[in-house]
Amino acid sequence: MSIERVRAYFKTLGIDERIQEFSVSSATVALAAEALGVEGARIAKSLSFKIDDRTILVVAAGDAKVDNTRYKAAFGGKAKMLTAEEAVERVGHAVGGVCPFAVNDGVEVYLDESLRRFDTVFPAAGSANSAIEMTCEELERYAKTDKWVDVCKNWRPEEQV
């Protein structure tokens, strides 16, 4: 089970007790925000894509949407989301619980700039009813990436209509 994989990874870091599990689903931004009692923008959603053999995970704020032009400029190809089956196979987590922790080898993890406006964010922890609160610095460290991208839209004040 994916959450057990994440829990085992977090145990090596001494943060496994920070995982929050819910009796309700947190599989979508809206459901996670409701379960946690926070605004949806603070949910760090993990979006899984493929470009040929590459598996790309973009962690973005809950209110951000991928901008195809920015995505193509950053990654050199069109944004094509993984199917539910491909997410399990390629990332190692099922849709609803996809997160940047304890992923399969070769998965490229990127953090979107939309997250930086928050003191803490809430990514999933490997299941459709879990989350963990962390700072962006912790997210970067525990996701084992220092790759920040700006591939999302609709989160900047000037983009709000």
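This briefing describes the nonpolar cores and the cysteines of the structure above. The model is predicted, so local features need pLDDT of at least 70 and side-chain atom pairs count only at pLDDT 80 or more, while totals for chains, interfaces and linings use all residues. Residues are numbered from 1 along each chain as its sequence is written, and side-chain values use heavy atoms, with hydrogens and water left out.

**Nonpolar cores**

- The largest nonpolar core (a set of buried Ala, Val, Leu, Ile, Met, Phe, Trp, Tyr and Cys residues joined through side-chain atoms within 4.5 Å) has 34 residues, and those with the most contacts inside it are Phe10, Phe101, Leu115, Met134 and Leu139.
- Two or more residues of this core come from each of α1 (2–13), β3 (54–61), α4 (84–91), β5 (107–112) and α5 (136–142), where helices (H or I, at least four residues) and strands (E, at least two) are DSSP runs numbered from the N terminus.
- The most is given by α1, with 4 residues.
- Apart from this core lies another, of 14 residues, among them Ile51, Val58, Val149 and Val151.

**Surroundings of Leu139**

- With neighbours within four places in sequence left aside, Leu139 is in contact (heavy atoms within 4.5 Å) with Val59, Pro100, Phe101, Leu111, Leu115, Val121, Pro123 and Met134.

**Cysteines**

- A search of the whole structure finds 0 disulfides, a disulfide being a pair of cysteine sulfur atoms within 2.5 Å.
- Cys99 is in no disulfide, and the nearest cysteine sulfur, that of Cys136, is 16 Å away.
- The sulfur of Cys136 is 13 Å from the closest cysteine sulfur, in Cys152, which is too far for a bond.
- Cys99 is buried, with a relative accessible area of 0%, and Cys136 is buried, with 7%, where buried means under 20% relative accessible area, exposed over 50% and partly exposed in between (1.4 Å probe, protein chains only).
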